[in-house]
Amino acid sequence: MKSPAVVLERPSERVAANKKIASETTSQVSKSEFAFVIHTTDIKLLSIALNIPLLPYVPHSLLKKIFEWLPPFKCSNITGITSLTGRRIEGDLIFCPLLPEQIINLEQGFVLKKIIKAGEIAKKNGAKILGLGAYTAQVGKRGVLVAKGLNMPVTTGSSYTAAVTLDAIFEAARKMHIKLPESKVAIIGATGGIGKACSQIIASHIHHITLIARNQERLNNLAKSIYEENRSITVETATNISEKNISDCDIIIIVTNDPTLLINIKSLKIGAVVCDVSQPPNISKQDRELRKDILAIDGGIVKPYGDVDFNFYFGLPSGLAFACMAETMLLALEEKYESFSIGGNISTDKVMEISQLAAKHGFVLAELKSLGKPVLTEEIASVIKYIQATYSYA
Ligand SMILES: NC(=O)c1ccc[n+]([C@@H]2O[C@H](COP(=O)([O-])OP(=O)(O)OC[C@H]3O[C@@H](n4cnc5c(N)ncnc54)[C@H](OP(=O)(O)O)[C@@H]3O)[C@@H](O)[C@H]2O)c1
């Protein structure tokens, strides 16, 4: 099924909705069947969502202290989640006040307790499964200790994120006329949960794969398993993101848990497709705007079936969800209350299973986006024209 066109939402409308929800949530008992824990990866977005325009001007050290002290809270009720089967559910968004750097650097026991506290709010409101968003998914052995602490099913959304990333790559490659069987692909963050599943699945479609991460032993193990499954593929490994390792790749998938800017966009091949799934992204907005001759797409965005409203602005156009959120929604629609993607080791079987559930419930890849805006057919045509012009002058 083709996803419908997406209308960009104005932050002011979202703010008004957030205010309404915030006033209701304190007094109402929710009938939410699932909950999803979010935190902020971008203070500017949070200032819009919470309608605190001065938030980005608060000194960073003070903001970190406030976040440390502030307990998690329910920030919205997610409405309008519908399945193709006709089942309708609602869910909650629980805000866990922590920045990515705090999740990484603070004492892990403290961070785990805070996430469990968020889960307790969800459980109290009726949630039967809890999704962990962005960096909260990295904590407590990637969800295992959160599930144990709450005695409740937990998922990180990694399986569906891998599935949707691959859907987006296949779609982008088709639009850019990249012939997959002849293509060279680099996966940056290849040994992680999402990266490993993407590497294992895409390997059977391509000619050359470069696996990049910092730990050589894990890279060797993955390279060996990929080669054993696909004898005709060339597998390379690299422990750094140097120009040499990425400059001749047709497709680059970025899925690291490093919150810094890692990629030098200047070193990418003309005509390359780049999908940055990392949250926060590893390529800067400014850098992406510099290259008109590549297709840089946002990763892991889904159009759920129905008119889902998160009632909270987290940077996506209305009606769209990050794949990690969508995985929790799918499991709740299916009443499959189990810890689906935890522990960091995502199997290709789970990726296939969640793809089938998505098809059953009518969830699809959102139309391709770049920096949050739809990638228009004319834009792709102009990238292709630019590439052709460059090669004809070369
Ligand atoms: N859009 C969505 O819906 C969605 C959903 C879930 C997750 N995500 C995002 O996807 C990303 C990956 O998640 P994950 O669960 O797969 O993470 P993960 O399991 O922790 O894997 C991270 C990978 O990145 C590698 N890495 C870390 N720093 C690196 C660096 N400086 N250079 C090269 N490689 C590096 C790690 O290996 P080494 O440690 O050996 O380097 C590992 O292979 C995260 O940013 C997460 O927030 C997005």
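**Reading a ligand shell between two domains**

Mentor: The shell around the ligand is made up of 11 nonpolar, 13 polar and four charged residues. Please keep in mind from the outset that this is a predicted model.

Trainee: How should I take that into account, and over which residues does pLDDT stay under 50?

Mentor: As a general point, where pLDDT is low, the predicted coordinates should not be read in detail. In this structure the stretch is residues 1–30, where pLDDT stays under 50 and for which the model has 44 contacts beyond four places in sequence. The protein chain as a whole averages a pLDDT of 89, with 91% of the residues scoring at least 70.

Trainee: Which residues come nearest to the ligand, and which polar atoms lie beside it?

Mentor: Out of the 28 residues around the ligand, the nearest are Arg-142, Thr-191, Gly-192, Arg-214 and Thr-256. For Arg-142, an N or O atom of the side chain is 2.7 Å from an oxygen atom of the ligand. Asn-215 places a backbone N or O atom 3.0 Å from a ligand oxygen atom, whereas Asp-258 has a polar side-chain atom 3.0 Å from a nitrogen atom of the ligand.

Trainee: How much of the ligand's accessible area does the protein cover?

Mentor: The size of an interface is often given as the accessible area lost when the parts come together. Here the ligand has 920 Å² of accessible area on its own, and the protein covers 92% of that area. The elements that give two or more residues to the shell are α9 (193–202) and α13 (323–333).

Trainee: Where does the ligand lie with respect to the domains?

Mentor: The chain is divided into domain 1 (11–159 + 301–365) and domain 2 (161–300 + 369–393). Because both domains give residues to the shell around the ligand, the ligand lies between them. The C-alpha centres of the two domains are 27 Å apart, and 25 residues of domain 1 are in contact with 23 residues of domain 2.

Trainee: Turning to the backbone, which peptide bond is cis, and which residue has a positive phi although it is not a glycine?

Mentor: Most residues other than glycine have a negative phi, and most peptide bonds are trans. In this model the peptide bond from Gln-279 to Pro-280 is cis, with omega near -5 degrees, and Pro-280 belongs to the loop between β10 (273–276) and α12 (285–290). The residue with a positive phi, of about 55 degrees, is Asn-51, which lies in the loop between α2 (43–49) and α3 (60–69).

Note on methods:
Residues numbered from 1 in each chain as written. Predicted model: local features only at pLDDT ≥ 70, side-chain atom pairs only at ≥ 80, totals over all residues. Heavy atoms only, no water. pLDDT = per-residue confidence, 0-100. Contact = heavy atoms within 4.5 Å. Near = heavy atom within 4 Å. Polar contact = N/O pair within 3.5 Å; in protein donor to acceptor, adjacent residues only side chain to side chain. Areas by Shrake-Rupley, 256 points an atom, 1.4 Å probe, with all protein chains shown as cover. Helix = DSSP H or I, 4+ residues; strand = E, 2+ residues; numbered from the N terminus. Nonpolar A, V, L, I, M, F, W, Y, C, P; charged D, E, K, R; others polar. Domains from an automatic or database assignment.
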